[in-house]
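Please examine the sequence and the three-dimensional model shown here. The briefing below describes the fold and a selection of residues.

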Amino acid sequence: MNGPSRDRALYEKAKQMSKNATPTMGFLREEIVLANNNNTYRFGFNEQRSGIRGSEKMLSIKDSFIANRLQLGILVERKTKPGTGVIMTFPNPVVVATAGTTSATDLEVIFNGQLKAQIDQEVLMDGFSTRRFRFVPSTQQQTGAANANNIALSEQRFGDGQVEVEPNIILVGTKRNEFTITLPQFDPSVTPNIAATDAAFDVRLVLELSGFHIPGGAALTK
């Protein structure tokens with residue numbers, strides 16, 4: 001395959017694991033609505049989960065997935081227009097304002113938390129700083145737009161905020177694949193302002209994994 005040497009090396013690894021199956025480049029993505037009273041969010045990429053959005057991508061119970069890049073971001077989206085939101089690598093105040101009184105300053109708590117990755121009983125990452133996912137472009141949006149999610153002026157590109165992970169994380173459809181984000185807790189006298197107050201919008205935490213799918217890989221051994 002053509003592409004960065006790191007991806008080519010991972011593809012060869014995937015081919016060795018897949019035996020007769022053909023690995024395909026792909027991604028997994030899950031979105032969780034932020035709540036003011038919650039500082040722990042768990043992602044499982046389980047295809048049997050109810051209410052899967054069109055912009056999400058789950059792992060089939062029959063397959064495996066090798067992840068070599070992770071991205072954690074914020075998504076502000078109108079509920080009636082799924083798929084129009086742009087993953088933000090920092091709390092863009094202009095976009096955040098469309099969701100009501102949500103505070104861009106309070107949303108910085110997302111990038112001062114910790115990530116834990118666990119496959120069944122094996123812990124692969126623990127205390128991984130979410131600060132690594134924060135990326136602020138050199139030019140930021142200053143005013144609103146007809147489409148509140150249009151942040152073209154921020155110069156945000158694909159790959160911004162992605163973090164390479166070594167060793168690679170192997171998810172198996174038949175196992176419990178759990179990624180836990182733990183955020184700092186505010187003082188009990190203060191209520192975080194991270195959830196949408198405009199009922200037409202959601203503010204979501206998004207975790208996206210990039211790598212290779214192995215069709216039927218859940219039945220294969222390493």
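The points that follow go from the whole chain to its sheets and then to individual residues.

This is a predicted model. The protein chain contains 3 helices and 8 strands, and 48% of its 222 residues count as buried. Two open sheets are described, one with the strand order β1-β8-β3-β6 and one with the order β2-β7-β4-β5.

**Overall organisation**

- Read from the N terminus, the order of elements in the protein chain is α-β-β-β-α-α-β-β-β-β-β.
- Of the contacts between residues at least 6 apart in sequence, 75% connect residues at least 24 apart.
- The exposed area of the protein chain is about 11,000 Å², and 48% of that area comes from carbon and sulfur atoms.

**The sheet β1-β8-β3-β6**

- This open sheet has 4 strands, and its pairing is antiparallel.
- Its edges are formed by β1 (24–33) and β6, each of which pairs on one side only.
- Direction ignored, neighbouring strands here are turned by 40° against each other on average.
- Helix α1 (residues 5–18) packs on the sheet and touches β3, β6 and β8 (201–214). The direction of helix α1 makes about 120° with that of β3.
- Strand β3 (residues 64–78) and β6 run antiparallel and are joined by 6 bridges.
- Within this pairing, Arg69 stands opposite Glu164 in β6, while Leu70 has Val163 in β6 as its bridge partner.

**Strand β6 and its cis peptide bond**

- How many of the 10 residues of strand β6 are buried? The count is 7, so strand β6 (residues 163–172) is largely enclosed by the rest of the structure.
- Pro167 belongs to strand β6.
- The peptide bond between Glu166 and Pro167 is cis, with omega at about -5°.

**The sheet β2-β7-β4-β5**

- The second open sheet also consists of 4 strands, with antiparallel pairing.
- Strands β2 (40–43) and β5 (122–129) stand at the edges with a single partner strand each, so one side of each has no neighbour in the sheet.
- On average, neighbouring strands of this sheet are turned by 15° against each other, direction ignored.
- Strand β7 (residues 177–182) pairs with β2 in the antiparallel sense through 4 bridges.
- In that pairing, Tyr41 stands opposite Ile181 in β7.

**Arg69, in strand β3**

- Is Arg69, a residue of strand β3, buried or exposed? Its relative accessible area is 16%, and buried means under 20%, so Arg69 counts as buried.
- Leaving aside residues up to four places away in sequence, Arg69 touches Arg6, Asp7, Gln162, Val163, Glu164, Val165, Glu208, Leu209 and Ser210.
- Glu164, one of the residues that Arg69 touches, is also the residue opposite Arg69 in β6.

**Arg49, in the loop between β2 and β3**

- Arg49 is located in the loop between β2 and β3.
- With a relative accessible area of 25%, Arg49 is partly exposed, because this class lies between the 20% and 50% limits.
- Not counting residues up to four places away in sequence, Arg49 is in contact with Glu30, Glu31, Glu56 and Met58.
- The side chains of Arg49 and Glu56 make a polar contact at 2.7 Å.
- A polar atom of the Arg49 side chain also lies 3.1 Å from the backbone oxygen of Gly51.

**Non-glycine residues with positive phi**

- Phe45 is not a glycine, yet its phi is positive, at about 50°.
- Phe45 lies in the loop between β2 and β3 and is buried, with a relative accessible area of 2%.
- Asp120, likewise not a glycine, has a positive phi of about 55°.
- Asp120 is placed in the loop between β4 (114–119) and β5, and at 29% relative accessibility Asp120 counts as partly exposed.

Conventions: Residues numbered from 1 in each chain as written. Predicted model: local features only at pLDDT ≥ 70, side-chain atom pairs only at ≥ 80, totals over all residues. Heavy atoms only, no water. Buried < 20%, exposed > 50% of the residue type's maximum accessible area, 1.4 Å probe, protein only. Pairing = 2+ DSSP bridges. Axes fitted to C-alpha atoms, helices over the stretch in contact; angles between N-to-C directions. Contact = heavy atoms within 4.5 Å. Polar contact = N/O pair within 3.5 Å; in protein donor to acceptor, adjacent residues only side chain to side chain. Areas by Shrake-Rupley, 256 points an atom, 1.4 Å probe, with all protein chains shown as cover.
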